[in-house]
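Student: I've got a model open and a handful of questions about it. Could you go through them with me?

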Amino acid sequence: MPAKPSFDPQRALQLAHETFEIEARALLGLKARQGDSFARAVHTMLECRGRVVVMGMGKSGHVGRKIAATLASTGTPAMFVHPAEASHGDLGMVTPGDVVLAISNSGEVDELAAILPALKRVGVTLVAMTGRAESTLARHADIVLSSAVDEEACPLNLAPTASTTAQMALGDALAVALLDANGFREEDFARSHPGGALGRKLLTHVRDVMRSGDAVPRVLPHTPFIEMMREMTKKGLGATAIADAQGHVLGIFTDGDLRRLLEQGSMDLRELVARDVMHPNPRLVREDALAVDAADLMEQHRITSVLVIDAEGLLTGALNSNDLMRAKVI
């Protein structure tokens, strides 16, 4: 068994730098190769009544899966179909009106070539992403996108490196052009990423995270001070709403208000009622507002709790910074 060559850190760093340079040149070359065909491909996918079906084998297949995922998450319905599986039944996933984006650097992959006639019979528009304009794939395609590179970053010029980088970048360019043409917005992105941070910020409303019903601390304006304190302690919000019998908010009393009263020390708290100590005209937020807007309100006014009202202005809930943190809004 041959001896394992010794590791040369300088050689590794040199190859890294060369890889970056080769792939950067590949992307600049990719930019120069795009023209009317790219615009036609974007328009075709934009007008597609079905889905963009991405296909590719080997490393191109891995890139294809990523491109399909990016398209789907940015407003263009897309899916990946493995060419080999397509020959054994998965071609049924492709329907008339779909656009097929077939990816192959050489354009001569047997598994893709075998299904090209069948794709034509289905009645799809075939967009080829290939490094060879004279290849079998390119000849059968309706639109050809050039992903050609002058060399691979691999020292042997064999392993797909610069070519797959070019394919990935070209797929991203398609997705960006399509999302712009579709008028895709942050809100749309959030709807397809409900589990992400942006999704939580743009899709979570105050009603989704607020305390409601019996969990909302509230007292009437004539409630004795001691009873009000019991309500605050029981509900654990660090504040209580003071509202009339119909639910109109009159004021709020917080832990901070209590500390300030104690510091004054000039009155018998047992003789007071909620109306005497409440902070009138408190900050309110609508239950249909975004939770992130409630967080901004708290930060702007340096408060930790806010009362929630409905469209008629009646008290329906309460919210504090801990509730927003648990919901990962902040």
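**Salt bridges and overall build**

Tutor: Let's start with one side chain: Asp-172 has a relative accessible area of 29%, so Asp-172 counts as partly exposed. Keep in mind that this is a predicted model.

Student: Which residue forms a salt bridge with Asp-172?

Tutor: Look for a Lys or Arg side-chain nitrogen within 4 Å of the carboxyl oxygens. The closest N and O atoms of the pair are 2.5 Å apart. Asp-172 sits in helix α7 and its partner in helix α3 (residues 58-73), 106 residues apart, so the pair links distant parts of the chain. That partner is partly exposed at 32% relative accessibility, and it's Lys-66.

Student: How far apart in sequence are the parts that Glu-151 and Arg-25 tie together?

Tutor: The two form a salt bridge, with the closest N and O atoms 3.1 Å apart. Glu-151 lies in the loop between β5 (143-146) and α7 (162-181), while Arg-25 belongs to helix α1 (residues 9-33). So the parts they tie together are separated in sequence by 126 residues.

Student: Is Arg-25 buried, partly exposed or exposed?

Tutor: Buried would need under 20% relative accessible area, and exposed would need over 50%. Arg-25 comes in at 47%, so the label is partly exposed.

Student: Which residue forms a salt bridge with Arg-132?

Tutor: Arg-132 is itself partly exposed, at 34% relative accessible area. The closest N and O atoms in the pair are 3.1 Å apart. The partner has 48% relative accessibility, which also counts as partly exposed, and it's Glu-134.

Student: How many salt bridges are there by this rule?

Tutor: Some of them join up: Arg-211, Asp-323 and Arg-326 are linked in a network. By the 4 Å rule, the count comes to 11.

Student: Zooming out, what is the radius of gyration of the protein chain?

Tutor: The chain has 15 helices and 13 strands. For 330 residues the globule rule gives 20 Å, and the chain is well over that, so it's more spread out than a compact globule. Along its principal axes the C-alpha trace spans about 95 × 55 × 40 Å. The radius of gyration is 31 Å.

Student: And how far apart are the mean positions of the positive and negative charges?

Tutor: The chain carries 34 positive and 41 negative charges. Take the mean position of each set, and the distance between them is 2 Å.

How values were computed: Residues numbered from 1 in each chain as written. Predicted model: local features only at pLDDT ≥ 70, side-chain atom pairs only at ≥ 80, totals over all residues. Heavy atoms only, no water. Helix = DSSP H or I, 4+ residues; strand = E, 2+ residues; numbered from the N terminus. Rg over C-alpha atoms; globule rule 2.2 N^0.38 Å. Lys, Arg positive; Asp, Glu negative; His and termini not counted. Charge placed at Lys NZ, Arg CZ, Asp CG, Glu CD. Buried < 20%, exposed > 50% of the residue type's maximum accessible area, 1.4 Å probe, protein only.
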